[in-house]
Amino acid sequence: MTVSADPGTVWSWVTDLPRMGELSPENVGGRWLDGDGPALGARFRGRNRNGELQWWTRVRVVAFEPDRRFAFDVRTPLGSRVSRWEYVLAPAAEGCVVTENWYRIGSWVVRKFMGPRVTGRADRPGYNVESIKHTLAALKARAAERTAA
């Protein structure tokens, strides 16, 4: 999706995991465990919500290319691999193109049993397609508000 903000500005938004709840329909933020911001290898405790269900995850930054690419792996509190989220930014005449990717990784036990029970979502891939649309639309709206101000 094309966003009317430069890659550096969008980069600052997608790497601000404590404020991700402003963009995501499920993640409500969290806190850095290593320092006060993103860096390669940095750890983060993420918080999520689906209605009354709430849970936290372990997050580690696995790709950190300023203004270009940011990715992090998500694990359960017990350390089981769950997913990888990635943001790729490319300059465009109107600002930048933002691509958000989600990769399902981890064991079938997490996918089939633990995940649905903890999160209340039986169709994680289907939900995340909509979640990505929501997050990209929120980025686009934030950029538009910033431009209008």
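This tour visits aromatic rings and the charged side chains placed over some of them, in a model that is predicted.

**The aromatic cluster**

The structure contains seven aromatic pairs. To begin, select F64 and F70. Their ring centres lie 6.5 Å apart and their planes meet at 75 degrees, so this pair is edge-to-face; the angle cut-off for that class is over 60 degrees.

Keep F70 selected and add F72. Here the ring centres are 5.6 Å apart and the planes stand at 50 degrees, so the pair counts as tilted.

Next, add W11 to the selection. W11, F64, F70 and F72 together make up one aromatic cluster.

With the cluster displayed, turn on the molecular surface and consider three of its members in turn. Is F70 buried or exposed? F70 is buried, because its relative accessible area is 0% and buried means under 20%. F72 is likewise buried, with a relative accessible area of 8%. F64 has a relative accessibility of 29% and therefore counts as partly exposed.

**Charges over rings**

Now move to Y127 and show R121 with it. The charged end of R121 is positioned over the Y127 ring, 3.6 Å from the ring centre.

For the final stop, select W13 and R142. Which part of W13 does R142 lie over? R142 is found over the face of W13, at 5.3 Å from the ring centre.

Methods:
Residues numbered from 1 in each chain as written. Predicted model: local features only at pLDDT ≥ 70, side-chain atom pairs only at ≥ 80, totals over all residues. Heavy atoms only, no water. Phe/Tyr/Trp six-rings, centres within 6.5 Å; stacked < 30°, edge-to-face > 60°. Buried < 20%, exposed > 50% of the residue type's maximum accessible area, 1.4 Å probe, protein only. Lys NZ or Arg CZ within 6 Å of the ring centre and 35° of its normal.
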